[in-house]
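Reader: Kindly give a close account of one part of this protein. I should like to follow how the strands are arranged and how the helices are set against them.

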Amino acid sequence: MSQAARPARITLRRPATWLPAIRAQWITSLRFRTTFITVAATALAIAVTCVFTALAIHNNLFSTSRDEVLGQAQRAVIAAQDVIDTAEVATDGAALQQVLFDARRELTTQAGTSYYAYFRVADEASGIAPPDFSFLLEEGDDAILSEGLRDRVRSSDDGNQWWQSVGLQIDDSGDAVPGIVVGQQLEVQNAGPYEVYLAYSLEEADRTLRFVQGILWITGIVLVLLVAAISWFVLRTVAQPILEASRTSERFAAGDFEVRLPVRGKDELAALGRSFNAMADSIEAQITELAELSQVQQRFVSDVSHELRTPLTTIRLASEMLNDRRSEFDESTARAAELLHTQVARFEQLLTDLLEISRYDAGSVQLELEPSNLAQLAEDVADSMRDVAGRHGSELRVVAPGGYSPVDVDPRRVRRVLRNLIGNAIEHGEGRPIVITIDSDAHAVAVGVRDYGLGMSPEQASRVFDRFWRADPSRKRTLGGTGLGLAIALGDAKLHGGALELWSEPGRGSHFVLTVPRVPGQSVTRSPIPVEPNGSAVEDLGVTEPIRTGEDLA
């Protein structure tokens, strides 16, 4: 994995790195993403199961404890009522107090709780009715004996039980434990009905519930960790061959055609390895065959070009001699001698370009770098082509706000690129001014060549660097181009690690921008000259109005 593609790492002491690192792992690691989803789904399922189980256990424990408490309270009240009913009828307060005392003792013995209270239901005063009594249950305490519970007990005259969940204070720590208060009426002879309340602590049930819940959550956490470990191990086992396949594919794509995947076993991953190796063998064979054909083709072009140079030199010397003496010939013969000389020169240039293209195809082109002033180079090329531009009615204007500091380039190749671009602008500039702009920044130096001719459509602009392609085949070349100039110019730009970009619009002309880095080997990310022009001093002169094309006229 390259340094740029390596995911961010988590630094425990820097929380700010956690989220970016997790996001990077999520994007780049199938193992991390699958493990995370598996663990998250498992944790959710276990959490739901634990909550459901805890609620079920809680409800079952509470229901069981409530039914036990209600039954015990019912038996205690019945036993106390039997004590009162079997006692002799008391006619004074002391005797009645003793009866109620015996009933209370029986009540607490049968109830099995030390939290109890009883209150007389009737509000009118009585001289013999025993007074209210409460042990650890305070009257009017809304947390223990609420008014709602007491109202229901007072209004109940058929022996019904009423209960309520409460929090009981069983010690001085101030912590409340869950409990249940059960209320029922007790009929006392000669005194009327009494409210009887018994409170039961559910501390044991609550302790059992907490223990069970703790076991459930600990088991759930352990299960999640086990699932995470098992998922990671299984995915590591499965993903390791996939990772090997990915690394092998990267090496194969980088040009190491002999690399292969190790095949172990007979499972699906082994089948994948065999398929990959078969594909790699087929691709390697095809690439080798294509490379051999390419070498044969390049050797053929090179050999033919070299073999043609000797007879072509002889023909060129003969054509120059005939062209120099064409004034001695009749008109048709003189014209033939002139055409012969022109086409021989074009043929010689074509051979030179073909040889250069074959060198690019063979990858045997070498740069001869030396510190050069691109602004000076552009001005020199523009000066050498002013006469040609003048014959076509165009004016070359050089604007150089930057580009004077030396950069390491191959000056011969840069001159050739600029000659191609300026010659192309003269050819298609329709006699309008041509602006050559040189500018630079801290990272790159650029030269832009802008013409105001017919321009090209997007489809034409996308093919302008193709070999031997012409936007208008019917248009006659006036500068003797071979159709390979822009292709060679693009190759020269890439050879420098730079770029050659084009903007063109029908009726508004074209703009070629050559950009080379200041430091050889660095890549160009942004050009100092915008490819799409945003106006210039030449446009302000009013001599570059858009040309009305056939589409505009239609």
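Author: **Strands and the helices against them**

Strand β3 and strand β4, the latter spanning residues 176-188, pair in the antiparallel sense over 8 bridges. This description refers to a predicted model. Within the pairing of β3 and β4, W163 has V182 of β4 standing opposite.

β3 and β4 belong to an open sheet of 5 strands, whose order is β2-β1-β5-β4-β3 and whose pairing is antiparallel. The edges of this sheet are formed by β2 (133-135) and β3 (162-169); each has a single partner strand, so one side of each is left without a neighbour in the sheet. On average, and with direction ignored, neighbouring strands here are turned by 25 degrees against each other. A helix is also set against these strands: α2, covering residues 30-86, lies across β3, β4 and β5 (192-201) and runs at about 30 degrees to β4.

The surroundings of this sheet may be given briefly. The protein contains 14 helices and 12 strands. Of its 554 residues, 35% are buried. Among contacts with a separation of 6 or more, 65% are accounted for by residues 24 or more positions apart.

A second sheet deserves attention alongside the one just described. This open sheet has 5 strands in the order β7-β9-β10-β12-β11, and its pairing is mixed. Its edge strands are β7 (396-399) and β11 (499-505), each of which pairs on one side only. Neighbouring strands of this sheet are turned by 15 degrees against each other on average, again with direction ignored.

Within this second sheet, β10 may serve as a point of reference. β10 and β12 pair in the antiparallel sense over 8 bridges, and in that pairing R450 stands opposite H511 of β12. As for burial, 8 of the 8 residues of β10 are buried, so this strand is largely enclosed by the rest of the structure. In a regular strand the side chains alternate between the two faces of the sheet. In β10, A444, A446, G448 and R450 point one way, while V445, V447, V449 and D451 point the other way, and all are buried. Charged residues are thus included in the list of buried positions on each side of this strand, namely R450 one way and D451 the other way.

β10 also has β9 as a partner. β9 and β10 form a hairpin, with 3 residues between the two strands. Strand β9 covers residues 434-440 and strand β10 covers residues 444-451; their pairing is in the antiparallel sense and extends over 6 bridges. In this pairing S440 stands opposite V445 of β10.

Two helices are set against the second sheet. Helix α8 (residues 374-384) lies across β7, β9, β10 and β12 (509-517), and runs at about 165 degrees to β9. Helix α10 (residues 411-428) packs on the sheet as well, touching β7, β9, β10, β11 and β12, and its direction makes about 20 degrees with that of β10.

α8 and α10 also pack against each other, at an angle of about 50 degrees and with their axes 10 Å apart. That angle makes α8 oblique to α10. The crossing of α8 and α10 is right-handed. On the side of α8 the contact is made by L377, A378, V381 and A382, and on the side of α10 by P411, V414, R415, L418, R419 and I422. An α-helix has 3.6 residues a turn, so residues three or four places apart point the same way.

One further residue of α10 links this account to another helix. R413 lies in helix α10. R413 counts as buried because its relative accessible area is 5%, and the limit for that class is under 20%. The side chains of R413 and D492 are joined by a polar contact of 3.2 Å.

D492 is one of the buried residues of α12; the others in that list are G485, L486, A487, I488, A489, L490, G491 and A493. Helix α12 (residues 485-495) is mostly covered, with 9 of its 11 residues buried. After α12 comes G497, whose phi is positive, near 80 degrees.

Note on methods: Residues numbered from 1 in each chain as written. Predicted model: local features only at pLDDT ≥ 70, side-chain atom pairs only at ≥ 80, totals over all residues. Heavy atoms only, no water. Pairing = 2+ DSSP bridges. Helix = DSSP H or I, 4+ residues; strand = E, 2+ residues; numbered from the N terminus. Axes fitted to C-alpha atoms, helices over the stretch in contact; angles between N-to-C directions. Contact = heavy atoms within 4.5 Å. Buried < 20%, exposed > 50% of the residue type's maximum accessible area, 1.4 Å probe, protein only. Polar contact = N/O pair within 3.5 Å; in protein donor to acceptor, adjacent residues only side chain to side chain. Parallel < 35°, antiparallel > 145°, perpendicular 65-115°, else oblique. Left-handed = near helix turned anticlockwise from the far one by under 90°.
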